[in-house]
Amino acid sequence: MDLQAQTNARSTRILVLASLLCAYPGIDATGQAHLDYPANTYVLPTPDPVMFPESFYWHCFERGIDGILIASCGTDSPYEGSYERLAARINRVYRQMKERGLDIRRLRLTAICSVCTKAFVKEVGDLARVVEELGPVAAELARGPEPVGSESP
Amino acid sequence: MADRGSEGSDRRRIGVYVCHCGGNISDVVDVEAVAARAGADEDVVVAWHLQFMCSDEGQSTIEQDVRELGLDRVVVAACTPSLHETTFRRVVARAGLNPYLYQHANIREQVSWAHVHDQAAATEKAARLVEAAIAKAALLRELDEVRVDAVHRTLVVGGGVAGLRAALDLARWGMPVVLVERSNELGGHVLRLGRTYPTDEPGRALIERLVSQVRDEPLVEVRLSTEVCQVTGYVGDFHVGLRAVREETDGHPCDEEVEVGAIVVATGFRDHEPARGRYGFGHPRVVTLADYQRRLYAAEGEADPARALGIDGPVRAIAFLHCVGSRQVEGVDEPGASGRLNTYCSRVCCTATVRAAAETRRRFPAVRVVDVYRDIRTYARDQEQEYRRAGEAGVVFVRVPTDERATVEPAPREDPYPLLVRTRDTLTFGAELEVPVDLVVLATAMEPGPVEDLVAMTKAPTGADGFLLEVHPKLRPVESAIPGILLAGTARGPMDIAESTTSASAAAAKVATLLAGDQVEMEPFVARVDLSRCRGSGECVATCPYPGAVGLQDVELDEGVVVPRAYVNPVACKGCGACVAVCPNGAVDVQGWEMSQYLAMVDAITADPAGFPRAIDPSEVTTG
Ligand SMILES: Cc1cc2nc3c(=O)[nH]c(=O)nc-3n(C[C@H](O)[C@H](O)[C@H](O)COP(=O)(O)OP(=O)(O)OC[C@H]3O[C@@H](n4cnc5c(N)ncnc54)[C@H](O)[C@@H]3O)c2cc1C
């Protein structure tokens, strides 16, 4: 890791929205297995990430959360149709991110089951690398979108 | 930061307790620094760090502080909440606080155990998680459990060994049971198994014993050739439509309705059927293990193998093939009729197969027996001996490489044997083998039963493998995510008879405790509407997947104007929060998981943009 990446890794923060029935026990199991993953990762349990409105993601980015991993139950969700609703919402957030010039790789929708320790380590590691590469979200928000004409949302 | 409640400028009085977990946490996390940082929060009255928060000493410290210091919220930073959240809620309640004014921070599984190699980063993360927990705690509200009148009757769906066991146990707990079986007899697969391990008792005898007990039990009402056609209601009060099984059931209305407080799903498994031709399936000399066991048992006194097994021609050699439709691998195996690859192990087939192979050798010593396997998983107590005995009985084991499969083909006409099994054998250093046999026995997988209709009616989720899914494989193994719907036996995944009946007894015990009182208590984590914000858009109603959970009703405003406003039926709401995200006015929340609480936690996590530990002045805070 070069110096810039090291600085980024220390000063960046990743939020994990972990479904209570699948991902949260999966992340516990990751710790039980003493599998390492970046320590700038903060896990918030949720009955289902479908509950978060678009505005929640913006609150996070604006407050300085540099990457968000949505660790849902995927199609194993105990709540009917919730994954489809969640995926549709995240697509809308992606559109908004493009409009505001945020790299959409900062938001990652995944499914992590209650024993998926390796999948969690991989997903959170991949996101951490993206965040390291991109640096803090604040700079990107401040830069704003590319000038008109270069790319449409 | 979000407004911390209705008490005006009054601060909260929060107690924070950081657990060492006897070194599990404190060997990695600087718990003293974490407690000190917590203590710096203006809402925190006391911040301790103790050896074991779950010990008597830890619990009584909290109780005492609540009473003596007038704490109004409690935060414990310790192991995962699934282990001790309930413990600490009870402590808080004993001290006279509402148990939901409690917040847990997970700093063991998600901090000290995960970040062993970076103590500074682990300490920083733990401190922030505790700060986030304090921020949420400040916004917690008092909550009451949702209570529903309990109907003291249970529906058991499926009359296999698991359903029978569950019904009997429930009756012995004094609970009336309606036992619904789709076929025209009780017993399920076990009825046709022949002799079963570990007791050697014939499946039919075991079932007959259970069935006679069920018949003698006045509290159990058995409905054969009956199926469930509708499920409405919720834990404590399900309304279940039943109808007789007919040739054409589609669209046929239900014949009757029963009211029950809980449902035990014991619908069992389905036998895997290989694609025609795969492993010779469809050839008259290729049979399934269940079929073979049945034949062996039906002719127990018969010494001639051909007559005993009902084979037309000499029986000189038999091959048993393990893992047919189990532990399938993408790129190597083809999906069966379900369209899914069964990546799981069916668990019972190894023991059942080596036993059948050994019995064959013992009864027909002239018959050569080859056991073709990938791994032998005789996992339970005493089962390893079955494997050893099979070897002693002269069964020859051949081990197929994990990424290859044995093939079964009809032999050329002139061959003395009708079938040829071809495989490589890793036990003989990858030798190519061609084994001529008279009969092939396939240990076919246990697949999920036909539960699509039940799943659609109850919303009980299935896993990626198609079996019904438990809430937690270790901590809540017989509960589905739908309160009041319990899982028994192989409906949940491959199990042997002992495991099936154990899980059935566990499900029955769960029901008995659930329906013990006049009312069922459910956690209060359901949606709540803030009428001061609701404008009656109806978005919540449109998005909610659960009938009757949210609705609109007319509400009269002060000026006599009647407007539609949302309401929640707490017993029908599952607390998923789909309604929260779509409300344009932010008027809906899931109790205990409110959006303002999440925002406050995010603010706490991001409070210091530098990302390095803040300087702490320990003299400012109280620590233990
Ligand atoms: C080849 C083979 C050999 C085995 N040998 C042994 C052994 O030696 N020892 C051992 O311990 N275990 C053995 N087992 C495992 C054993 O068969 C299972 O553990 C047992 O059958 C599980 O019982 P169950 O009640 O869960 O399911 P099942 O036996 O499948 O019974 C389920 C019942 O539910 C009914 N049903 C299904 N859907 C509905 C519905 N919608 N409505 C109403 N009714 C419904 C079915 O008709 C059936 O009667 C073997 C399994 C196989 C495949």
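B:C229 has a relative accessibility of 17%, so this cysteine counts as buried, the cut-off being under 20%. Keep in mind that you're looking at a predicted model. B:C229 is bonded to B:C254 in a disulfide, with 2.0 Å between the two sulfur atoms. A search of the whole structure turns up three disulfides over all chains, and this briefing walks through them before turning to chain B as a whole.

**The disulfide in chain B**

- Where do the two partners sit? B:C229 lies in strand 9 (residues 226-234) of chain B, while B:C254 is in the loop between strand 10 (237-244) and strand 11 (256-260) of chain B.
- The two cysteines are 25 residues apart in sequence, so the bond ties together separate parts of chain B.
- B:C254 comes out at 30% relative accessibility, so this one is partly exposed, whereas B:C229 is buried.

**Cysteines in chain B without a bond**

- B:C79 isn't in any disulfide; the nearest cysteine sulfur belongs to B:C21 and is 6.2 Å away.
- B:C79 is also buried, with a relative accessible area of 6%.
- Why is B:C350 not bonded to B:C323? The sulfur of B:C323 is the closest cysteine sulfur to that of B:C350, but at 5.8 Å the gap is too far for a bond.
- Is B:C350 buried or exposed? At 8% relative accessibility, B:C350 counts as buried.

**The disulfides in chain A**

- A:C22 and A:C73 make a disulfide with their sulfur atoms 2.1 Å apart.
- This pair joins distant parts of the chain, 51 residues apart: A:C22 is in the loop between strand 1 (14-19) and helix 2 (23-32) of chain A, and A:C73 is in the loop between strand 3 (67-72) and helix 4 (82-99) of chain A.
- Both A:C22 and A:C73 are buried.
- The torsion about their S-S bond is about 100°, so the A:C22 and A:C73 disulfide is right-handed.
- A:C113 and A:C116 form a disulfide too, with 2.1 Å between the sulfur atoms.
- Here the S-S torsion is about 105°, so the A:C113 and A:C116 disulfide is right-handed.
- A:C113 is partly exposed, with a relative accessible area of 26%, and A:C116 is partly exposed at 21%.
- If you number the bonded cysteines of chain A in sequence order, the pairing reads 1-2, 3-4.

**A hairpin in chain B**

- Strand 26 (residues 550-556) and strand 27 (residues 562-568) of chain B pair up in the antiparallel sense over seven bridges.
- Which residue in strand 27 of chain B is the bridge partner of B:D554? That's B:P564.
- Strands 26 and 27 of chain B form a hairpin with five residues between them, and in the turn B:G560 has a positive phi of about 85°.

**Chain B as a whole**

- Chain B splits into domain 1 (14-143 + 600-620), domain 2 (154-268 + 449-520), domain 3 (278-445) and domain 4 (527-591).
- The C-alpha centres of domain 1 and domain 3 of chain B are 57 Å apart.
- Chain B's secondary structure adds up to 16 helices and 28 strands.
- Along its principal axes, the C-alpha trace of chain B spans about 95 × 60 × 40 Å.
- Of the 624 residues in chain B, 56% are buried.
- Among contacts in chain B with a separation of 6 or more, 68% come from residues 24 or more positions apart.
- Chain B exposes about 26700 Å², and carbon and sulfur atoms supply 49% of that area.

Technical notes. Residues numbered from 1 in each chain as written. Chains lettered and ligands numbered in written order. Predicted model: local features only at pLDDT ≥ 70, side-chain atom pairs only at ≥ 80, totals over all residues. Heavy atoms only, no water. Domains from an automatic or database assignment. Disulfide = S-S within 2.5 Å. Helix = DSSP H or I, 4+ residues; strand = E, 2+ residues; numbered from the N terminus. Buried < 20%, exposed > 50% of the residue type's maximum accessible area, 1.4 Å probe, protein only. Pairing = 2+ DSSP bridges. Contact = heavy atoms within 4.5 Å. Areas by Shrake-Rupley, 256 points an atom, 1.4 Å probe, with all protein chains shown as cover.
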